[in-house]
Amino acid sequence: MCMKYEKGSRYALEDVSFTIDRGEFAFFVGSSGAGKSTLMKLIIRELRPTDGSLKIFGRDVTRLPRRRLPYLRRNIGMVFQDFRLMEDRSAFDNVAFAMMVTGSSRKEIRKRVPHVLGLVGLQDKFNVRVCDLSGGEQQRVGLARAIANSPAMIIADEPTGNLDPGTTLDIMNLLRSINLRGTTVLIATHNREIVDRFKKRVIYLENGRLVGDEQKGIYTHVH
Amino acid sequence: MFISGFFYIIGETVKGLYRNRWMCITSTGVVIVTLLMLGIFMLVNLNISHITDTVKDQVEIVVYIDEFANQQTRDELGRKLSTHQGVEEARYVSSEEHMRRLQRQLGGMLEGYDTNLENPLLASYEVRTVVPEAVMALAEEFETYPGVSAVFYGQGYVENLFAVTGVVQMVGLALMAGLSVTAIFLISHTIKLTVMMRKREISIMKYVGATNWFIRWPFVLEGLLMGFAGAVVPLAGLYYLYQYSVEWVVVNNLVFLNLLPPQTVIIELATYLVPLGTGLGILGSTFSMGRFLKV
């Protein structure tokens, strides 16, 4: 597929083609402006490709009507570099919200939210407002929210971009454990250390083109 | 889903109002001030219309009967006038009644004048028209009827009155339309600002898979409540202000200012301001959100 933000401008993504299997763990790497974030936005249909198609769960999302978008997004948990949490609400409320919009009952929410907050190590911070949590804790809330509805896929755009090395490793380990439960995990990052350490599939983008794709790759090798 | 979603929306509305209380208070304040201005102007306009209508209602045509007309002609004239489509009431006034009125008006100045022997006043029909503005045309028509000596309706004065009230009404309508447009502009922009401050929250809702209406409802309800409060508060203020004004007019004996009763005025204002306030609140929040929902 191809993607241009404006007519006449250069391609943000050009002739990019790949397949990700169910349950896979993959890194999208590349320098700033390589097209990683554009790719993430295409997956959640925040953007539409200028040309080509993008199939998710076997369905071409480029043809998905706008009103069906919420149902696609309920199957994709999203994790952002800037966390994108409702800062004036508690950790519990942020996770509960994601379940509420999918129509979960109050009973289900009361049961599930403490469970997922426990999985990310926030069992004693349910009622703390997000703005009173550290960066690492906020990203854990983001992860808990992403997995609350047991999505088939998690996509994370620079999930550790704002975190110190120790917290980065914690978050990455959490993502790996989520993947081990069968969830597909796609991570856009330019954190060399993490990519090299995890030895998972690495898809390398440069100036909007896919220039490398390696199983158990290392950032440096692919580069 | 329905029940939990319903409680969620109500809960979110209340929480949203509390969390963004300063912005909501500011928005509601703008609605209150704008609708208060509009309300004051409407009050003045309603009363001006009422006073001019009262004056118009007093306009009547006096059809003087020819002194030489026989009884049959007089009866026929009375029948034609009272059955005329444009006439609300045609009342016969005898020459004796005219004399009694004149005596009352002039007091003792007619003392010693034998009214029974020498009464030069003509009998007449006093005609009230269905539409006050029709007096000129009807007077011209009545002049052609047999048995009519002369027709008066306050020529000159009536034309001026209608011209002035026409201008007052036109200016009033134009100002009210202008103020309504200003109110719509101010209120919708203030609500837009409230929504813009929460665009981050809206985009998060979109990312976690909330449908547009799921996101919209709490905002729509908030807009409704802000608009409703913004209409009811100035209404209550205007009621007390107006009641005080009416009492002041009575106490100071300014009876020529024939003001409308407070209850009537408030009902009239409420039927305009409450739907305007709540409608603007709902539309303001619904349309302001459109841009942020396209994520």
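These are my notes on domains, cysteines, one phenylalanine and a surface patch in this structure, which is a predicted model.

**Domains, chain A**

I started with how chain A is split up. The assignment gives domain 1 as 1-75 + 152-223 and domain 2 as 86-150. I then looked up the spacing: the C-alpha centres of these two domains of chain A lie 24 Å apart. Where they touch, 12 residues come from domain 1 of chain A and 13 residues from domain 2 of chain A.

**Domains, chain B**

Next I did the same for chain B. Here domain 1 covers 2-55 + 160-293, and domain 2 covers 60-153. Taken over C-alpha atoms, the centres of domain 1 of chain B and domain 2 of chain B are separated by 52 Å.

**Cysteines**

How many disulfides does the structure hold over all chains? I get 0. I wanted to know why B:C24 has no bonded partner. The closest cysteine sulfur to that of B:C24 sits in A:C131, 19 Å away, so the pair is too far for a bond; a disulfide would need the two sulfur atoms within 2.5 Å.

I also checked burial for two cysteines. B:C24 has 5% relative accessibility, so I log B:C24 as buried. A:C2 comes out at 8%, so A:C2 goes down as buried too. The cut-off behind both calls is under 20% relative accessible area.

**A:F80**

Then I picked A:F80, which I found in strand β6 of chain A, residues 76-80. Is A:F80 buried or exposed? Its relative accessible area is 10%, so I call A:F80 buried.

Which residues does A:F80 contact once neighbours within four places in sequence are left aside? My list reads A:Q139, A:R145, A:D157, A:P159 and, from chain B, B:Y207. I also noted a C-alpha distance: A:F80 and A:N162 are 82 residues apart along the chain, and their C-alpha atoms are separated by 10.0 Å.

**Nonpolar patch on chain B**

Last, I went over the surface of chain B. B:L36, B:I40, B:V44, B:I48 and B:L241 make up a nonpolar patch there, and together they have about 380 Å² of accessible area. Which element supplies the largest share of this patch? I have helix α2 of chain B (residues 21-57) down for that, with 4 residues.

I looked at B:L241 separately and placed it in helix α8 of chain B, residues 212-251. B:L241 has 48% relative accessibility, so I count B:L241 as partly exposed; calling a residue exposed takes over 50%.

Notes. Residues are numbered from 1 along each chain as its sequence is written. Chains are lettered from A and ligands numbered from 1 in the order in which they are written. This is a predicted model: local features need pLDDT of at least 70, side-chain atom pairs count only at pLDDT 80 or more; totals for chains, interfaces and linings use all residues. Side-chain values use heavy atoms; hydrogens and water are left out. Patches are made of residues with over 30% relative accessible area and no salt bridge: like charges are joined within 9 Å, nonpolar side chains (Val, Leu, Ile, Met, Phe, Trp, Tyr) within 5 Å. Accessible areas come from the Shrake-Rupley method with a 1.4 Å probe; for residues, only the protein chains shown count as cover. A salt bridge is a side-chain nitrogen of Lys or Arg within 4 Å of a carboxyl oxygen of Asp or Glu. Helices (H or I, at least four residues) and strands (E, at least two) are DSSP runs, numbered from the N terminus. Buried means under 20% relative accessible area, exposed over 50%, partly exposed in between (1.4 Å probe, protein chains only). Domain bounds come from an automatic or database domain assignment. Contact means heavy atoms within 4.5 Å.
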